[in-house]
Amino acid sequence: MRRLLAVWLGKVLTIAGKIVGKKSSSSPGHYALKICPDLVRSLNKSVSKGIIVTCGTNGKTTTNNLMASALEAKGYKVICNKLGANMLSGIATTILQDMNVFGRLSADYACLEIDEAYTPIVFDYIKPDVMVITNLFRDQLDRYGEIDITSDIIKRAIAKAPDLKLVLNGDDPLCVQFGQIGGEAYYYGISEQVLPQLDDTKEGRFCPVCGGEQKYHYYHYSQLGDFYCPNCGFKRPEIDFEVKNVSLDTPMKFTVNGQAMEINYKGFYNIYNLIAVYGAMNVIGEDTNDFAVLLTDYKPQIGRMQEYMFNKPVILSLSKNPAGFNQAIATVNTDKRKKDVIIAINDKANDGRDVSWLWDVDFDKISNENLNMLITTGIRVYDISLRFKYADIKVDYLTHDMAEAVGKCLETDSEVVYVLVNYTALYPTEAVLKKLGGEA
């Protein structure tokens, strides 16, 4: 009876939330758990083939949703928190929304994105079969602290699921360390030098085993690459799901274990998201011979280099930490069209109040070539503008109004507009683009 009441309340709150224009991705589950704390525990018995969880600093929403999309393309019923509500209340909301009015649930797979800090809590309620870890970068320092704290949290979660299979980014030493603590581990990576070897900010430059400074045969960005520790011998492992023959032209092309892939997604980092899914599907025993076809209908989640059409394309990108911003900047730089760039920085609770991370972003690498206008906005507009001043890059216009910023760019003779925002600026920016008539 408690579960039924929780499900009914959750469904009513979901409907009410959508009527007033809210996403209803977390609050229904929050209240449902107060009535039935064991609501999430029902998931293991309701899924016949397996539970796949994804965590990591960047790319977890895209990877999780790609996984669900690929499995759904095979005809499976999949439970997935596609809106990215990745704490316990968000997972509870996803479950109750998929339940029928009698509290029953049946699916082939569950694909769940989990906030890194919440992995031990979630693992008290569900026992996943496969865990994908995309990468670990510094993010929301006032909430997570430094990377070693996040690593310890994830290790505690892994210890709670002894039969767990790990699918790890083999190019990230901070992910590889999880494969050393027991269990069955598989690694994916990009096994060739693709990008120019520029001086890049490396989040995890020190060996997680001995603390010595790591060296690289080549690297891709941040600490990702073919790493080795000259002190203790810790190094990039043998790669199970290996990318080669990368072309960054549009569309991007590469091979995974010799299988040719062609994708229209923007951003080199998306190759990692795709091969994480490829690896996880192999680990759970699904055929991947048709992998490229499975992904043709996938549409990126909001803000993942999402394109809106006006009189010119406006591309919206969520860039919430140094590693993410550096990759967004790299993607902007590869676009040779004349461009305007808008950067919005907020400091609400979900962003992290501490904006000192802005000084870890390589803003000085924004290319002046074909850059028409740079606009800053957001709650911390003056902080980001000051950061550009110290990077010796001119900000053409400051405003607190995103609609004004977008409007100015639509009036210029640029060919494309990039809007880079951190988390709480994402949905308001989406609303502005839709209100102005943009078609996604």
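1. In this predicted model, I154 touches C55, E116, T119, M131, I133, L136 and F178, when residues up to four places away in sequence are not counted. I154 belongs to helix α8, which covers residues 147-159, and because its relative accessibility is 0%, under the 20% limit, I154 counts as buried. As a reference distance for this part of the model, the C-alpha atoms of I154 and K235, which are 81 residues apart along the chain, are separated by 21 Å.

2. Helix α4 (residues 60-73) has 14 residues that should span 20 Å at 1.5 Å a residue, and the C-alpha atoms at its ends are 20 Å apart, so the expected and the modelled values agree. The helix is mostly covered, with twelve of its 14 residues buried; the buried residues are K60, T61, T62, T63, N64, N65, L66, M67, A68, S69, A70 and L71. Just after α4, G75 takes a positive phi of about 95 degrees.

3. M67, one of the buried residues of α4, also deserves a comment for its contacts. Leaving aside neighbours within four places in sequence, M67 is in contact with I52, T54, C111, V132, V277, A280 and M281. The largest nonpolar core holds 68 residues, and M67, F254, I343, F363 and F388 are the members that touch the most other members. Helix α10 (residues 269-283) gives the most to this core, contributing eleven residues. Another core, of 50 residues, lies apart from it and has L33, L166, V176 and Y216 among its members. In soluble globular proteins, nonpolar side chains tend to be buried together.

4. A sheet of six strands is open, with mixed pairing, and its strands follow the order β12-β13-β17-β14-β15-β16. The edge strands are β12 (304-309) and β16 (397-398), each of which pairs on one side only. Within the sheet, β14 (residues 339-344) and β17 (residues 416-421) pair in the parallel sense over six bridges, and I343 stands opposite L420 in β17. I343 thus appears in two descriptions, since it is also named among the residues of the largest nonpolar core that touch the most other members. Helix α13 (residues 381-390) lies across β14, β15 (371-377) and β16, and runs at about 140 degrees to β15.

5. The loop between β14 and β15 contains K348, which at 42% relative accessibility counts as partly exposed, because this value falls between the limits of 20% and 50%. When residues up to four places away in sequence are not counted, K348 touches R353, I379 and T424. The C-alpha atoms of K348 and S385, 37 residues apart along the chain, are separated by 18 Å.

6. Strands β7 and β8 pair in the antiparallel sense over five bridges, with K215 standing opposite Y228 in β8. Five of the seven residues of β7 are buried, so this strand is largely enclosed by the rest of the structure. The two strands form a hairpin with two residues between them, and S222, in the turn, has a positive phi of about 50 degrees. S222 lies in the loop between β7 (215-221) and β8 (224-228), yet S222 is buried, with a relative accessible area of 3%. The side chain of S222 makes a polar contact with the side chain of Q223, at 2.9 Å.

7. Two asparagines should be looked at for their backbone angles. N245 has a positive phi of about 55 degrees although it is not a glycine; N245 is found in strand β9 (residues 241-247) and is exposed, with a relative accessible area of 54%. N257, again not a glycine, has a positive phi of about 50 degrees. N257 has its place in the loop between β10 (252-256) and β11 (259-263), and is partly exposed, with a relative accessible area of 42%.

Methods:
Residues numbered from 1 in each chain as written. Predicted model: local features only at pLDDT ≥ 70, side-chain atom pairs only at ≥ 80, totals over all residues. Heavy atoms only, no water. Helix = DSSP H or I, 4+ residues; strand = E, 2+ residues; numbered from the N terminus. Buried < 20%, exposed > 50% of the residue type's maximum accessible area, 1.4 Å probe, protein only. Polar contact = N/O pair within 3.5 Å; in protein donor to acceptor, adjacent residues only side chain to side chain. Pairing = 2+ DSSP bridges. Contact = heavy atoms within 4.5 Å. Axes fitted to C-alpha atoms, helices over the stretch in contact; angles between N-to-C directions. Expected span 1.5 Å × (residues − 1). Core = buried A, V, L, I, M, F, W, Y, C linked by side-chain atoms within 4.5 Å.
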